[in-house]
Each structure stands twice: as structure tokens, then as C-alpha cells.
Amino acid sequence: MKDKKSKKTYIGGQAVIEGVMMRGKTGIATAVRDSDGVIRVEAERITPPEKKNAFLKLPIIRGAVNFFSSLVTGTKILMRSAEVYGTTANRLSLKSGSRKLLKSTSWT
């Protein structure tokens with residue numbers, strides 16, 4: 001019995017601070033849980049670099065461009081997730097509870 005033709009998926013993901021980022025050929029979506037427990041979702045459409053320039057269809061060039069593009073995009077999304085999580089976390093850490101924690105863990 002022959003196997004059914006399987007369809008390939010072009011979706012990948014990356015863990016971010018308190019969430020996940022998923023990227024496909026034409027879009028990026030990030031879901032991050034803020035410190036209040038609310039899940040914040042951001043999505044954006046993208047155009048692949050090889051669609052912008054025919055030169056980027058060459059295998060070695062395409063690989064290098066995709067590597068750096070993924071590196072920049074991943075870092076940007078990671079910083080954004082830290083910002084989403086940190087905006088409410090910073091408000092909570094400024095309350096007196098964090099000062100008590102610092103005092104209780106001191107060596108003096």
C-alpha cells in the first residue's frame with residue numbers, strides 16, 4: 001500500500017520570554033503571556049527576500065540572507081516579548097514586596 005502524498009509545512013517557531021513565535025512563508029505571529037496572565041498576540045505579514053530581488057534566489061546567497069534575516073527577526077521578536085512581559089512585571093517589582101525579598105536574602 002502506497003503512502004498518501006504528504007504536504008510539507010513551511011512553519012517554524014522559536015521560544016520567546018513567556019511565549020512563542022511562529023513564522024511561515026508569509027507571516028510571523030507572536031503570543032506572549034504578560035505578568036497579569038493575559039496572552040498578547042501580535043501578527044504581521046512579511047514578503048520573503050527572494051520575492052523582492054531575483055539575485056537572492058541563488059542558493060548560497062539565499063542561505064546567507066535567510067540566516068541573517070532569521071537572526072535579526074528572532075532577536076527583534078525576543079526583545080519585543082521581553083518588553084510585553086516586562087511592562088507589567090516592572091510595575092509589580094517596584095512594589096514593596098520586592099524590597100522585602102531583597103532584605104530577606106541579604107547576608108547581613
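**Four strands, three helices and a nonpolar core**

Among contacts in the protein between residues at least 6 apart in sequence, 30% join residues at least 24 apart. The model is a predicted one, and its secondary structure amounts to three helices and four strands. Read from the N terminus, the order of elements is β-β-β-β-α-α-α. The protein has 108 residues, and 18% of them count as buried. Its exposed surface comes to about 9,100 Å², of which carbon and sulfur atoms supply 61%.

The sheet comes next. Strands of a sheet pair through backbone hydrogen bonds, either parallel or antiparallel. Here the four strands form an open sheet in the order β1-β2-β3-β4, and the pairing is antiparallel. Strands β1 and β4 (39–45) each have a single partner strand and stand at the edges, so one side of each is left without a neighbour in the sheet. From one strand to the next, the twist averages 15 degrees.

The pairing can be followed strand by strand. Strand β1 covers residues 12–16 and runs antiparallel to β2, residues 19–23, with five bridges joining the two. Along this pair, G12 stands opposite R23 in β2, and Q14 is set opposite M21 in β2. The hairpin of β1 and β2 has two residues between the strands, and E18 in this hairpin takes a positive phi near 55 degrees.

On its other pairing, β2 meets β3, residues 27–33, again in the antiparallel sense and over five bridges. This pair is also a hairpin, with three residues between its strands. Within the pair, V20 stands opposite A31 in β3.

At the edge of the sheet, E44 belongs to strand β4. Is E44 buried, partly exposed or exposed? With a relative accessible area of 48%, E44 is partly exposed, because the buried class ends at 20% and the exposed class begins over 50%. Leaving out residues up to four places away in sequence, E44 touches T26, G27 and I28. For G27 the separation from E44 is 17 residues in sequence, while the C-alpha to C-alpha distance is 5.6 Å.

Which residues make up the largest nonpolar core? There are seven: V16, M21, I28, V32, I46, I77 and V84. Strand β3 and helix α2 (59–93) each supply at least two residues of this core. In soluble globular proteins, nonpolar side chains tend to be buried together.

One member of the core, V16, shows how parts of the chain come together. Setting aside neighbours within four places in sequence, V16 is in contact with M21, T30, V32, I77, L78 and S81. Among these partners, M21, V32 and I77 are listed with V16 in the core.

Helix α2 also holds T73. T73 counts as buried because its relative accessibility is 17%, and the limit for that class is under 20%. What does the side chain of T73 reach? The partner is the backbone oxygen of S69, at 2.8 Å.

Terms used: Residues are numbered from 1 along each chain as its sequence is written. This is a predicted model: local features need pLDDT of at least 70, side-chain atom pairs count only at pLDDT 80 or more; totals for chains, interfaces and linings use all residues. Side-chain values use heavy atoms; hydrogens and water are left out. Two strands pair if DSSP finds at least two bridges between them. A nonpolar core is a set of buried Ala, Val, Leu, Ile, Met, Phe, Trp, Tyr and Cys residues joined through side-chain atoms within 4.5 Å. Buried means under 20% relative accessible area, exposed over 50%, partly exposed in between (1.4 Å probe, protein chains only). Contact means heavy atoms within 4.5 Å. A polar contact is a pair of N or O atoms within 3.5 Å; within protein, one must be able to donate a hydrogen and the other to accept it, and residues adjacent in sequence count only if both atoms are side-chain atoms. Axes are lines fitted to C-alpha atoms, for helices over the stretch in contact, and angles run from 0 to 180 degrees between N-to-C directions. Accessible areas come from the Shrake-Rupley method with a 1.4 Å probe; for residues, only the protein chains shown count as cover.
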